[in-house]
Amino acid sequence: MSDGGHWFERNPTWFKTAVFYEIHLRGFFDGNDDGSGDFRGLTEKLDYLQEIGVDCIWLLPFYPSPLRDGGYDIADFYSIHPDYGTVEDFRLFVDQAHQRGMRVIADLVMNHTSSDHPWFQASRSDPTGPYGDFYVWGDDDTRWSEARIIFLDTEPSNWTWDPARGQYYWHRFFSHQPDLNYDNPEVQEQMLNVLRFWLDLGLDGFRLDAVPYLYERDGTNGENLDETHEFLKRVRAEVDARYQDRVLLAEANQWPDDVVQYFGDGDECQMAFHFPVMPRMFMGVRREEALPMIEILERTPEIPDNAQWGLFLRNHDELTLEMVTDDERDYMYEEYAKDPRMKLNLGIRRRLAPLLDNGRPEIELMHAILFSLPGSPVLYYGDEIGMGDNIYLGDRDGVRTPMQWTSDRNGGFSRADFARLYLPPQMDPVYGYQAVNVEAQLRQPNSLLRWLRRLIALRKQHPVFGLGTYEALRPENPRIFAHIRTYEDDIILCVHNLARSAQAVELDLSRWEGLIPEEMFGRTRFPRIGELPYLLTLGPRGFFWFQLRKDEQG
Amino acid sequence: MTEEQALIEFVTSQRWFGSKTRDAIHARVIDCAVLRDEDPRIEVQIVEIGFDTGTHETYQLVVDDGGFDALADPRSVRELVHMLRTGRNLPAGEGVVEFGTIEGMAAVGQELREARPISGEQSNTSIVFDEELILKVFRRLEAGINPELEMLRFLTQHGFENIAQLAGWYAYGGPPMDTTLGILQRFVANGQDGWELALDSLAREPEGFVARLRRLGEVTGRMHTVLGSDTSDPNFCPEETSVESVGLLTASVDEEIEQVFLDIPDSVDELGPIRGRGEEVRERLRMLTNVGGRGRVIRHHGDFHLGQTLWANNDWVIIDFEGEPARSLPERRRKRSPLRDVAGMLRSFAYAASALPLLRGVDPPAGFEEHARSEFLAGYRETVDPTLVPSGSSFERLLAVFELEKAVYELRYEMNNRPEWIAIPVAGIVRMLAEEVPV
């Protein structure tokens with residue numbers, strides 16, 4: 001056995017019980033004092049991530065890029081942005097993460113490149129050359145008008161005129177992000193090479209950005225096409241043939257019926273984000289009703305055994321409201337984006353804590369619900385300490401400010417001069433690094449960070465949260481969101497009070513008559529379940545998780 | 001009884017099976033390699049035991065035809081050592097079992113005439129050959145290199161002499177996992193167990209023993225200096241402590257204190273002196289963790305106490321570098337302040353003093369613990385690389401944090417396993433609460 005051997009037991013479905021943690025590399029920790037986070041800095045913080053219980057780190061794009069879309073505009077698939085370090089730094093980081101029992105996945109954009117990418121430059125200047133057909137060119141900018149424009153705030157059309165080539169090029173996102181042409185087999189080959197390159201360096205998988213838009217077809221909206229699924233199945237087969245325990249996580253901001261297609265028959269992506277459930281959690285807490293969550297979960301089809309939902313409260317993008325009705329969207333804007341600056345495209349560009357008015361019970365409740373649902377939770381860096389946002393910064397930068405490590409200069413994020421920082425750290429009295437930082441919260445027994453650490457540890461003792469069945473209980477009290485998770489002999493009852501006031505609820509637990517609910521945090525035993533409805537009272541925004549146990553003590 | 005049930009029964013009834021309080025409901029052989037084909041046939045098996053909550057643990061079995069533990073049979077263990085010396089690979093179903101030897105050690109214990117098992121072991125199985133070699137078979141397996149192999153190799157390569165030299169090892173590598181299966185070491189003949197020696201000496205000639213503890217301090221300091229000396233090896237390179245490291249330490253110790261105090265039963269008299277004082281202990285922790293200088297973090301022993309030492313040929317030998325068995329492999333490999341080891345040893349002196357009346361029926365000499373501490377620390381400071389440890393009063397404070405951590409760990413252990421020993425960690429915690437916080 002070599003010392004560099006793998007540090008994990010084989011487990012093709014490891015991601016089903018994993019806690020994910022999303023990191024904006026630029027904002028995490030500056031290891032070389034240049035004002036920007038990097039791989040060396042991140043490597044220094046691995047003990048922290050291990051200690052709070054992270055199983056898998058998800059990195060936003062770190063490739064060379066002009067950074068007009070936070071790095072999602074990739075100019076070279078085979079290298080590291082110089083601000084972040086070198087490929088060697090990356091390799092060392094992955095190895096160090098593995099040694100600590102953590103895996104690493106990275107964002108990969110397959111749909112498009114930056115317009116700075118040499119492929120695009122070659123495609124513009126030499127239409128008949130080897131890259132001439134790498135992008136989607138047309139003489140007519142009215143074709144495929146059924147395809148919606150995603151970045152409504154900045155893009156008037158999905159076509160942009162290129163004077164060099166004298167044609168229009170197709171782009172589903174920004175005009176500086178031309179779509180690759182997947183009808184060209186050479187493009188497919190190139191993309192598979194990219195995947196292999198990073199998997200060979202030890203990466204455990206990819207979050208596939210903007211995956212529904214790979215192909216264009218007449219008379220369609222260009223989303224979720226059969227050809228796209230066929231290509232993704234090919235990607236999966238190529239990965240499975242050569243590598244063990246890797247994961248593909250699809251970013252498909254679609255309705256559940258469409259998203260489940262990305263699992264195929266267990267032969268496409270292993271994971272996909274569940275987008276629609278997230279805004280309904282926020283709605284549920286605001287409206288004090290469980291129905292929006294219960295309904296969307298009911299509308300969520302079964303998924304293959306080897307597949308898993310990725311669940312999140314917030315991420316690096318705006319809180320997206322594409323997967324809600326117009327009424328629901330108006331409601332969300334009304335409640336969560338009172339200042340128009342908070343809106344972006346079809347969404348709200350704010351972090352978790354400010355969205356919930358920094359209410360500790362609300363933040364805990366939302367995490368409890370997130371952790372109790374069928375799926376794997378994805379945390380966004382900084383939300384574990386309740387970091388704030390800065391709506392006066394452009395685009396989505398407001399939720400990408402430096403991680404707040406200490407109350408020292410620059411929040412302990414960097415030793416560079418303040419003026420050199422890629423973005424200013426939060427400094428306001430409520431959310432600023434003086435008040436909100438890792439060091440202080442680690443030392444404070446009742447901090448959010450310490451609470452979340454306990455929640456993660458608890459979840460990890462019970463694979464049922466990742467692997468078990470889900471069954472909603474529908475008590476008469478509409479303010480209570482209650483459900484049962486079951487796996488092997490482990491039965492968990494989760495009861496959440498969405499109301500601002502204390503509530504009583506009667507639950508029909510007759511099927512579990514004779515079992516004893518044991519509260520999971522304090523291990524307190526509650527009265528045995530009898531024939532009659534089980535009565536519970538919950539404090540404002542309170543919740544209980546119980547393990548239903550046989551009475552072993554006689 | 002089905003084969004699976006038989007396997008569950010067999011594994012869960014072994015003394016090395018670590019999760020006796022949990023419900024095992026599945027068992028399967030993940031991979032196996034035939035060590036010897038003819039009578040007696042011997043197989044090395046990697047077995048997964050699944051629990052009712054859906055988690056699992058992995059164990060190594062060495063079994064004969066009848067499905068019994070072949071390590072009880074001298075012929076089998078000899079076969080294992082022979083294989084080890086060939087340095088060859090043995091095909092398993094999916095992977096391979098690799099055998100490795102250390103240069104220059106092949107001549108040690110060639111004959112393998114007599115094999116005797118070591119008694120009283122908890123988590124592994126060890127067999128001694130001719131008082132020259134000892135084979136340690138790891139039972140509970142985790143993915144990755146076992147720290148014991150890693151540490152012994154490093155210390156041997158860097159010329160640290162107070163260990164039992166590594167002679168060889170065997171490991172499994174394959175798609176299910178890479179894992180260390182066992183190690184072969186030189187056996188320290190006539191080595192006296194440090195714990196037993198402490199009890200015997202305290203009853204008879206305490207002064208001479210305290211002088212030896214000064215030497216133990218020197219050996220420990222030297223061990224840490226060596227462990228923190230190689231910046232070219234990323235697995236051992238000493239690192240600056242990060243700003244949040246003390247916070248991380250505080251958080252984990254604090255949680256342990258809270259959990260253990262939640263579990264303190266009302267019925268046990270020995271717990272009286274600390275019952276209801278959980279908050280006081282946590283408060284003490286917060287005061288202690290205002291540490292200024294932090295020193296550096298290095299790989300260290302990880303489970304350091306008198307029972308991990310031997311006195312032989314007028315010097316100390318440090319053994320058993322696996323780390324605390326209850327912790328996961330990544331945790332055991334983690335770099336921490338070397339003061340964690342120092343604290344472990346200081347707590348061990350307290351144990352020896354308290355155990356003496358229980359086990360030998362005599363009281364320790366007055367002031368023994370204080371004297372032992374100061375001698376050990378004096379020896380330690382003489383040899384340890386001063387850049388590895390905090391300076392001034394930060395040294396005492398960080399040391400006190402680790403002592404508190406250890407005492408809380410002991411409290412949990414004794415509550416679960418040896419109620420008659422509870423008074424020892426209780427007395428330790430009471431003493432720590434009464435002490436002045438070093439400033």
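## Overall shape of chain B

Chain B contains 12 helices and 16 strands, and the model in which they appear is a predicted one. Along its principal axes, the C-alpha atoms of chain B fill a box of roughly 65 × 50 × 50 Å. A compact globule with 439 residues would have a radius of gyration near 22 Å, and because chain B has 23 Å, its value agrees with that expectation.

Two further figures describe the interior of this chain. Of the 439 residues in chain B, 45% are buried. When the contacts in chain B with a separation of 6 or more are considered, 69% of them are between residues that lie 24 or more positions apart.

## Where the two chains meet

How many residues of each chain take part in the contact between chain A and chain B? On one side there are 35 residues of chain A, and these are in contact with 31 residues of chain B. Several helices of chain A each supply at least two residues of the side that touches chain B, namely α2 (46–52), α13 (438–443), α14 (448–461) and α15 (464–467). Sorted by class, that side of chain A has 12 nonpolar, 9 polar and 14 charged residues.

## Two helices that pack in chain A

Within chain A, helix α8 (residues 277–287) packs with helix α10 (residues 326–336) at an angle of about 65°, and their axes are 11 Å apart. The crossing of α8(A) and α10(A) is left-handed.

Which residues bring these two helices into contact? From α8(A) come Pro279(A), Phe282(A), Met283(A) and Arg286(A), and they meet Glu328(A), Tyr331(A), Met332(A), Glu335(A) and Tyr336(A) in α10(A). The residues of this contact divide into 6 nonpolar and 3 charged, with no polar residue among them.

## A three-stranded sheet in chain A

Chain A also holds an open sheet of 3 strands, in the order β11-β13-β12, with antiparallel pairing. Why is one side of β11 (319–320) and of β12 (343–344) in chain A left without a neighbour in the sheet? Both strands stand at the edges and each has a single partner strand, so one side of each has no neighbour there.

The pairing of β12(A) can be followed in further detail, since it concerns the strand β13 (residues 347–348) of chain A, to which β12(A) is joined by 2 bridges in an antiparallel arrangement. At the level of single residues, Leu344(A) stands opposite Gly347(A), which belongs to β13(A).

Note on methods. Residues are numbered from 1 along each chain as its sequence is written. Chains are lettered from A and ligands numbered from 1 in the order in which they are written. This is a predicted model: local features need pLDDT of at least 70, side-chain atom pairs count only at pLDDT 80 or more; totals for chains, interfaces and linings use all residues. Axes are lines fitted to C-alpha atoms, for helices over the stretch in contact, and angles run from 0 to 180 degrees between N-to-C directions. Helices (H or I, at least four residues) and strands (E, at least two) are DSSP runs, numbered from the N terminus. A crossing is left-handed if the near helix is turned anticlockwise from the far one by less than a right angle, and right-handed if clockwise. Two residues are in contact if their C-beta atoms, placed from the backbone, lie within 7 Å. Ala, Val, Leu, Ile, Met, Phe, Trp, Tyr, Cys and Pro count as nonpolar, Asp, Glu, Lys and Arg as charged, and the others, Gly among them, as polar. The radius of gyration is taken over C-alpha atoms; the globule rule is 2.2 Å times the number of residues to the power 0.38. A residue is buried if 20 or more other C-beta atoms lie within 10 Å of its own, exposed if 12 or fewer, and partly exposed in between; C-beta atoms are placed from the backbone. Two strands pair if DSSP finds at least two bridges between them.
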